[in-house]
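Morning, everyone. One structure today, and I'll keep it brisk. Have a look at the sequence and the model first.

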Amino acid sequence: MPAEQYPFAQELITDVSGKIRKVILDFSDYKRLLEVIEEEGLYQAMMEVKNETSLDLETALAELEKE
């Protein structure tokens, strides 16, 4: 794939056969990608529990004490 298909890549490092092995990113782009990954993880966790019954604080703390 041409470098243009990797929008955040500053540089692509390939092996002798031309296969991409490493990508150099601007640090601010790297931090933003981490934020997006974390946000996606939070979103997925929220979707997993969306149909569960909410607990009040005392009940939630009591449940945590059981574990």
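Start with the surface. The accessible surface of the chain comes to about 6,400 Å². Of that, 56% belongs to carbon and sulfur atoms. Keep in mind that this is a predicted model.

How much of the chain is buried? Of the 67 residues, 1% count as buried.

Now the overall layout. The secondary structure comes to two helices and two strands. From the N terminus on, the order is β-β-α-α. The radius of gyration is 21 Å, well over the 11 Å that the globule rule gives for 67 residues, so the chain is more spread out than a compact globule. The box tells you the dimensions. Along the principal axes, the C-alpha atoms fill roughly 60 × 20 × 20 Å.

Contacts next. Take the contacts in the chain with a separation of 6 or more. Residues 24 or more positions apart account for 3% of them.

Here is one pair of residues to look at. Gly41 lies in helix 1. Gly41 and Ala9 are 32 residues apart along the chain, and their C-alpha atoms are separated by 23 Å. Gly41 itself is partly exposed, with a relative accessible area of 35%.

On to the strands. Strand 1 covers residues 9–14, and strand 2 covers residues 20–25. In what sense do strand 1 and strand 2 pair, and over how many bridges? They pair in the antiparallel sense, over five bridges. For a register mark, use Glu11: its bridge partner in strand 2 is Ile24.

Look at the turn of that hairpin. Five residues sit between the strands. Gly18 is the one to click on there, as it takes a positive phi near 90 degrees.

Stay by the hairpin for Thr14, which lies in strand 1. Leave out residues up to four places away in sequence, and Thr14 touches Lys19, Ile20 and Arg21. Thr14 is partly exposed, at a relative accessible area of 44%.

Arg21 brings us to the charged pairs. How many salt bridges does the structure hold? Four.

One of them joins Asp15 and Arg21. The closest N and O atoms are 3.0 Å apart. Compare the accessibility of the two partners. Asp15 is partly exposed, with a relative accessible area of 25%. Arg21 counts as exposed, at 52%. The cut-off matters for Arg21, because exposed means over 50%.

Next, helix 1, residues 27–49. Here Glu35 forms a salt bridge with Arg32, and the closest N and O atoms are 3.2 Å apart. Why can these two meet? Glu35 and Arg32 are three residues apart in helix 1, so about one helical turn separates them. Both partners are partly exposed: Glu35 at 39% relative accessibility, Arg32 at 41%.

Helix 2 runs over residues 57–66. Glu63 forms a salt bridge with Lys66, with the closest N and O atoms 3.2 Å apart. Glu63 and Lys66 are three residues apart in helix 2, so again the separation is about one helical turn. Glu63 counts as partly exposed, at 35% relative accessibility. Lys66 is exposed, with a relative accessible area of 62%.

There is also a network to point out. Salt bridges that share partners join Arg32, Glu35 and Glu39 into one network.

Last stop: a nonpolar patch. Which residues form the nonpolar patch on the surface? Phe27, Tyr30, Leu34 and Ile37. Together they have about 420 Å² of accessible area. Pick out Phe27, which is found in helix 1. Phe27 counts as exposed, at 56% relative accessibility.

To recap, take three things away. The chain is more spread out than a compact globule, going by its 21 Å radius of gyration against the 11 Å of the globule rule. The two strands pair in the antiparallel sense. And the structure holds four salt bridges, with Arg32, Glu35 and Glu39 joined in one network. That's it from me. Over to you.

Conventions. Residues numbered from 1 in each chain as written. Predicted model: local features only at pLDDT ≥ 70, side-chain atom pairs only at ≥ 80, totals over all residues. Heavy atoms only, no water. Salt bridge = Lys/Arg side-chain N within 4 Å of Asp/Glu carboxyl O. Buried < 20%, exposed > 50% of the residue type's maximum accessible area, 1.4 Å probe, protein only. Helix = DSSP H or I, 4+ residues; strand = E, 2+ residues; numbered from the N terminus. Patch = residues over 30% accessible without salt bridge, like charges linked within 9 Å, V, L, I, M, F, W, Y side chains within 5 Å. Areas by Shrake-Rupley, 256 points an atom, 1.4 Å probe, with all protein chains shown as cover. Pairing = 2+ DSSP bridges. Rg over C-alpha atoms; globule rule 2.2 N^0.38 Å. Contact = heavy atoms within 4.5 Å.
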